[in-house]
Amino acid sequence: MTAAITAFIGIGSNLDNPRQQVADAVVALRQLPQSQLVAVSPWYRSAPLGPGDQPDYINGVARIDTTLQPEPLLVALQDIENRQGRRRDIRWGPRTLDLDILLYGDSTIASPQLTIPHPQLTLRNFVLFPLCDLAPALQLPDGTILAELLANTPAAGIVRVSDGDQVP
Ligand code: ROI
């Protein structure tokens, strides 16, 4: 038996009832093969990064423990996005559901399909805050201490709108 890896998945939506989209995403993540959903962060409402003429986002982070390799995990996440009506037409445009692999254990991956840690992870407060809610003692693969990063990250534009769920 392969040991499970802890992975953190970024969740975002700003179209077609975002609160429902992210709740549906959690149900889908619960059903990922070879994986266990361990915890879901509080949800944050966040002003759009990128073109400003789009609705606010709901953002959060899920922790899963999985024996899926990163590429099959990515494919499974894209399948969930597609089932929830994701269209890939406008770059940085609004979306019904975005699922990003933020971290996959201590792995650093740079392939044509996948960059892990997620390249924007350290720059996005709507990712760092919920990630730190779930894993306050986390270090990134390069040794960066998440809590120190967060201490230097303004909470501008984001508001916590729910408590987190420990799962189950
Ligand atoms: N902005 C916010 N606030 N939250 C997101 O999840 C998000 N995702 C994106 C872009 C369009 C860059 N902006 C975002 O992909």
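Hi everyone, let me start with the ligand: in this predicted model, the ligand sits in the largest pocket of the protein.

Who are the neighbours? Going along the chain, the ligand is surrounded by Ser 46, Ala 47, Pro 48 and Leu 49, then Tyr 57 and Asn 59, then Trp 92, Arg 95 and Asp 98, and finally Arg 124 and Phe 126. If you like to sort a binding shell by chemistry, as I do, this one divides into 6 nonpolar residues, 2 polar ones and 3 charged ones.

Now for the polar contacts, which I suspect many of you were waiting for. Which atoms of the protein face the ligand's nitrogen and oxygen atoms here? On the nitrogen side, a ligand nitrogen lies 2.8 Å from a polar atom in the backbone of Ala 47. With Asn 59 the side chain takes part: one of its N or O atoms is 2.8 Å from an oxygen atom of the ligand. Arg 95 also contributes through its side chain, with an N or O atom 3.1 Å from a ligand oxygen. And how much of the ligand's own accessible area does the protein cover? The ligand has 350 Å² of accessible area on its own, and the protein covers 96% of that.

Let's zoom out to the fold. The protein chain has 4 helices and 9 strands. Reading from the N terminus, the order is β-α-β-β-β-α-β-β-β-α-α-β-β. The radius of gyration is 15 Å, close to the 15 Å that the globule rule gives for 168 residues, so the chain is as compact as a globular protein of that length. For anyone thinking about box set-up, the C-alpha atoms fill roughly 45 × 35 × 35 Å along the principal axes.

Before I stop, two spots in the backbone deserve a look on the screen. The first topic is a peptide bond: Ile 116 and Pro 117 are joined in cis, with omega at about -5°. Pro 117 belongs to the loop that runs between β7 (115–116) and α3 (125–134). The other spot is Asp 16, where phi is positive, about 55°, even though this residue is not a glycine. You will find Asp 16 in the loop between β1 (5–13) and α1 (18–30).

That's my tour, friends. Thanks for listening, and please do ask away!

Notes: Residues are numbered from 1 along each chain as its sequence is written. This is a predicted model: local features need pLDDT of at least 70, side-chain atom pairs count only at pLDDT 80 or more; totals for chains, interfaces and linings use all residues. Side-chain values use heavy atoms; hydrogens and water are left out. A residue is near a molecule or strand if one of its heavy atoms lies within 4 Å of it. A polar contact is a pair of N or O atoms within 3.5 Å; within protein, one must be able to donate a hydrogen and the other to accept it, and residues adjacent in sequence count only if both atoms are side-chain atoms. Accessible areas come from the Shrake-Rupley method with a 1.4 Å probe; for residues, only the protein chains shown count as cover. On a 1 Å grid over the protein atoms alone, a cavity is a set of points where a 1.4 Å probe fits but cannot get out, and a pocket is an open set with protein on both sides within 12 Å along at least five of seven lines; lining residues have an atom within 4 Å of a point. A molecule sits in a cavity or pocket if more than half of its atoms lie within 2 Å of its grid points. Ala, Val, Leu, Ile, Met, Phe, Trp, Tyr, Cys and Pro count as nonpolar, Asp, Glu, Lys and Arg as charged, and the others, Gly among them, as polar. Helices (H or I, at least four residues) and strands (E, at least two) are DSSP runs, numbered from the N terminus. The radius of gyration is taken over C-alpha atoms; the globule rule is 2.2 Å times the number of residues to the power 0.38.
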